[in-house]
Amino acid sequence: ATLLLLSRYLLKAVKESIVVPEEVLRFCCDGLQGSGSPSCTREPGEETSGAMASPSPTRNPTEVQMSQMVLPCHTNHRGELSTGQLLKWIDTAACLSAERHAGCPCVTASMDDIYFEHTISVGQVVNIKAKVNRAFNSSMEVGIQVSYEDLCSGKHCSICKAYATFVAHHPSGGKVRLQPLIPQTEEEKIEHSIAAERRRMRLAHKDTLKDLLIRSLRESELETRDGSAAVPAEKTRVESVELVLPPHANHQGNTFGGQIMAWMENVATIAASRLCHAYPTLQTIEMFHFRGPSQVGDRLVLKAIVNNSFKNSMEVGVCAEAYGQEMSTSPRHINSAFMTFVVLDQEGRPCSLPMVAPEPGEGERRYREASARKKIRLDRKYVVSCKQTEVPLSVPWDQSNKVYLSYNNVSALKTLIAKANWALAREKEKVRLYTLEEDKFLSFRIEISVCVAADQAFSLLSDLRRRHEWDSHYASAELVQQVDDDDMIYHVVTQTLSHEDKPQDFVILASRRKPCSRGDPFMVAFRSVTLPTHPASSSFTRGETLCSGFCIWPESEEMSKVAYYNQATPGFLNYVTTNVAGLSSNFCATFEACEKFLLKNNERLIVRL
């Protein structure tokens, strides 16, 4: 009633040109915004809470959140959420996020390794958050975080983190060129930058596996087994058929990727159960790719078999093939995946598993390949999935983990570059020195703008054999292994004497990256590795570098901004805190020498041209 009287008063004031007091206007506006609720005074900057509150202005527009109560129909016999059901929810949330950015239907192209950390029980809530990390030409990477919430205790716990690749499909069948995604927060900038490295790793995964399998098939032999104790692999074989109905497909009639994964998980679980005669728990799904789509009306034939069993785990291979109504026609290969299962006792500890006796021929091949994949999984989890502080300074380098070490090398530098709290410590002419203090690290960034094209600076700075020409700390650098066009391993000897009064030496992996897309910088990342051919010598004190490198941004065709980053390890901090002024001068002098080196060699190149 009060609001009605005020409205009539305002209408009369407008008609008769009466000046309305400001207090009346404010009261009326506050009352109208409250829709009849009692007025509430808010402090400046206070946010409105509640379900209808506006989203944060920094929230990623592609972010999708899903919360699902775990009901008995979602669980297995133990009252735990079926992994297949969880995969369906993950795929749905990720697909909705991808379609928000693309503005058109999207399909699942691949999924990276998924490590399930915990099981989820009836009555708990699954919270899934998905958002696009980066868009490429017609595909995009979606990052997914999954956690559970116990409503009674209020406990929250992480379940897994996954990365999926989606491809945009225009309804007319043509290609869709995606708009680039502009990251806003520090976390988004890190994910956006590292997404290019994960894409590179996915593309190299097949070749990495092939190389390791060739070596393993040549070098390894089948284990000597007690035939009476091994379970024939043939006894674990499972085959099942599913009819794709409209509820299993999207609005275009293509089967949901999550639904296919759920069916595959079902037959894989049955195969694993036939080996251990118990109820297994899915621990890991290896990176996989969808080879082609399936549609409503297809018959999906799903096949699974235990490829190999280890002490506490087993690998199950599973594939999905699609047929039309006439099953006499050749099947279409939809997907193949490898899943690792464990059997847990009452206290959650893994149990020992029986051995597998592979079938002759193809079975022996699958058996050996499973051992090779286990090696790759361990390398990938050890190097890629660990946080930066959990990875040792020097990781052993070999052919099987070269892709993952290169990924870790570049992604560590990209993470350091994307940090937001850099503080300007000193500026001397054109050289600027920044510092970043964190819990366990003190990092430095030195940058300068030079009259040299970015690609030329990239070429000169990525060759450590020439670093002694401008860096007085370097005595020599020997190229000991050319891994590929982008990765090299050097043995570096420095002028710096250690506390043992010996020169320091390093074995360094240098990883080069050209821009993935417009706006990306050139990068050269350095980290320590260990090589059997270059063990520590009594003549030197072996040093280690955790994360360092160059980042070069083009400013014009003939100008570039060169920045050098170094993350100091705890052993270096004592020196830094007692000699900050001298360190600043040293850095600036070294970088000024770097500028002269670039200009001198750039002039030589121009003369040659």
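Which residues line the second largest cavity? The model is predicted, and the tour reaches that cavity after the sheet and the largest cavity.

**The sheet.** Select S3, S9, S13, S12, S11 and S8: in that order, these six strands make an open, antiparallel sheet. Residues 114-115 (S3) and 238-243 (S8) are its edges; each has a single partner strand, so one side of each has no neighbour in the sheet.

Next, display residues 257-276, helix H5, which packs on the sheet and touches S8, S9 (281-285), S11, S12 and S13 (332-342). The direction of H5 makes about 40° with that of S11.

Now go to S11 (residues 299-309) and S12 (residues 314-323), an antiparallel pair joined by ten bridges. To find one pairing, select Lys-303, whose bridge partner in S12 is Cys-319.

**The largest cavity.** Select Lys-129, Lys-131, Asn-133, Gly-143, Ile-144, Gln-145, Lys-161, Tyr-163, Glu-187 and Glu-191, which line the largest cavity. The space inside is about 90 Å³. At least two lining residues come from each of S4 (125-135), S5 (139-149), S6 (156-168) and helix H4 (186-219). Five of the lining residues are charged, three polar and two nonpolar.

**The second largest cavity.** To answer the opening question, select Asn-60, Lys-131, Val-132, Asn-133, Leu-181, Pro-183, Glu-188 and Glu-191; these form the lining. S4 and H4 are the elements that give two or more residues to this lining, and S4 supplies the largest share, three residues. The second largest cavity holds about 40 Å³ of space, and its lining has three charged, three nonpolar and two polar residues.

Note on methods:
Residues are numbered from 1 along each chain as its sequence is written. This is a predicted model: local features need pLDDT of at least 70, side-chain atom pairs count only at pLDDT 80 or more; totals for chains, interfaces and linings use all residues. Side-chain values use heavy atoms; hydrogens and water are left out. Two strands pair if DSSP finds at least two bridges between them. Helices (H or I, at least four residues) and strands (E, at least two) are DSSP runs, numbered from the N terminus. Contact means heavy atoms within 4.5 Å. Axes are lines fitted to C-alpha atoms, for helices over the stretch in contact, and angles run from 0 to 180 degrees between N-to-C directions. On a 1 Å grid over the protein atoms alone, a cavity is a set of points where a 1.4 Å probe fits but cannot get out, and a pocket is an open set with protein on both sides within 12 Å along at least five of seven lines; lining residues have an atom within 4 Å of a point. Grid points are joined across faces, edges and corners, and a volume is the space filled by probe spheres set on the points. Ala, Val, Leu, Ile, Met, Phe, Trp, Tyr, Cys and Pro count as nonpolar, Asp, Glu, Lys and Arg as charged, and the others, Gly among them, as polar.
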